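Thanks for sharing this one. Here are my notes, set out as numbered points to read alongside the model.

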Amino acid sequence: AHETALAIVIDASGSVSADDLSQMVVDAVAAVNATGVPAFLVCHDAEVFSAVWITPGMAHAEVAKHIGGRGGTVFHVAYDRVAAERRNFAAMVHFTDGMPCEEWPEKPANCRMAIAAITPQGVTEAVPENWRTVPVEGARR
């Protein structure tokens, strides 16, 4: 049987606030726990600095330690890493402020659906039209 999995991409570039980044981790952990399916987490700025599987019940701090970066914003390196993981994903959720330093690339072929989760200060203009767009809630205190 082919188990379902998610791909979660987190944009940890310098234009994303620390509060938004923290909320992205909360939302990523919540998505995995709510669905009960594992997620392949790719964290990036202008390069990929972390690519790990997260599973239901994993501690928030365990996920947060994979966040680094804070440089420029390039999406294709993260999408290439998702594509290189040899399995199919039900969806890829990209947490981002929606401001890549390049044309927004197409979703990886191994992802059935693509969702752009845009931060409160972010922009949606560059999101490809075949993607769904959802807001990242403002960081909860």
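1. In this predicted model, I would start with the two faces of strand β2. Ala 39, Leu 41 and Cys 43 point one way from β2, while Phe 40, Val 42 and His 44 point the other way. Side chains in a regular strand alternate between the two faces of the sheet. Are these residues of β2 buried or exposed? Those on both sides are buried.

2. The burial count for the strand makes the point as a whole. β2 covers residues 39-44, and 6 of its 6 residues are buried, so the strand is largely enclosed by the rest of the structure. The cut-off behind that reasoning is a relative accessible area under 20%.

3. Next, the neighbour on the parallel side. Strand β1, residues 6-11, runs parallel to β2, and 6 bridges join the two. One pairing to look up on screen is Ala 7 with its bridge partner Phe 40 in β2. Between β1 and β2 the chain passes through helix α1, residues 18-35, and this β-α-β crossover is right-handed.

4. Which way does β2 pair with strand β3, parallel or antiparallel? The sense here is antiparallel, over 6 bridges, with β3 spanning residues 48-54. Leu 41 has Val 52 as its bridge partner in β3. The connection is a hairpin, with 3 residues between β2 and β3.

5. Stepping back to the whole chain, I find 3 helices and 6 strands. Read from the N terminus, the order of elements is β-α-β-β-α-α-β-β-β. The radius of gyration is 14 Å, close to the 14 Å that the globule rule gives for 141 residues, so the chain is as compact as a globular protein of that length. Its C-alpha trace spans about 40 × 35 × 25 Å along the principal axes.

6. Some overall figures on packing and surface may help too. Of the 141 residues, 46% count as buried. Taking contacts between residues at least 6 apart in sequence, 61% join residues at least 24 apart. The accessible surface of the chain comes to about 6,700 Å², and carbon and sulfur atoms account for 52% of that area.

7. Please have a look at the backbone of Arg 70. This residue has a positive phi of about 90 degrees, although it is not a glycine. Arg 70 sits in the loop between α2 (60-64) and α3 (76-84). With a relative accessible area of 34%, Arg 70 is partly exposed.

8. How many salt bridges does a search of the whole structure find? The search returns 2. Side chains of opposite charge can pair when their charged atoms come close. One salt bridge links the side chains of Glu 62 and Lys 65, at 3.0 Å from N to O. Glu 62 counts as partly exposed at 34% relative accessibility, whereas Lys 65 is exposed at 54%.

9. Arg 81 also forms a salt bridge, with Glu 85 as its partner and 3.1 Å between the closest N and O atoms. Arg 81 is partly exposed, at 27% relative accessibility. Glu 85 has a relative accessible area of 18% and is buried; the limit that places Glu 85 in that class is 20%.

How values were computed:
Residues are numbered from 1 along each chain as its sequence is written. This is a predicted model: local features need pLDDT of at least 70, side-chain atom pairs count only at pLDDT 80 or more; totals for chains, interfaces and linings use all residues. Side-chain values use heavy atoms; hydrogens and water are left out. Buried means under 20% relative accessible area, exposed over 50%, partly exposed in between (1.4 Å probe, protein chains only). Helices (H or I, at least four residues) and strands (E, at least two) are DSSP runs, numbered from the N terminus. Two strands pair if DSSP finds at least two bridges between them. A crossover is right-handed if, with the strands pointing away from the viewer, the path from the first strand over the helix to the second runs clockwise. The radius of gyration is taken over C-alpha atoms; the globule rule is 2.2 Å times the number of residues to the power 0.38. Contact means heavy atoms within 4.5 Å. Accessible areas come from the Shrake-Rupley method with a 1.4 Å probe; for residues, only the protein chains shown count as cover. A salt bridge is a side-chain nitrogen of Lys or Arg within 4 Å of a carboxyl oxygen of Asp or Glu.
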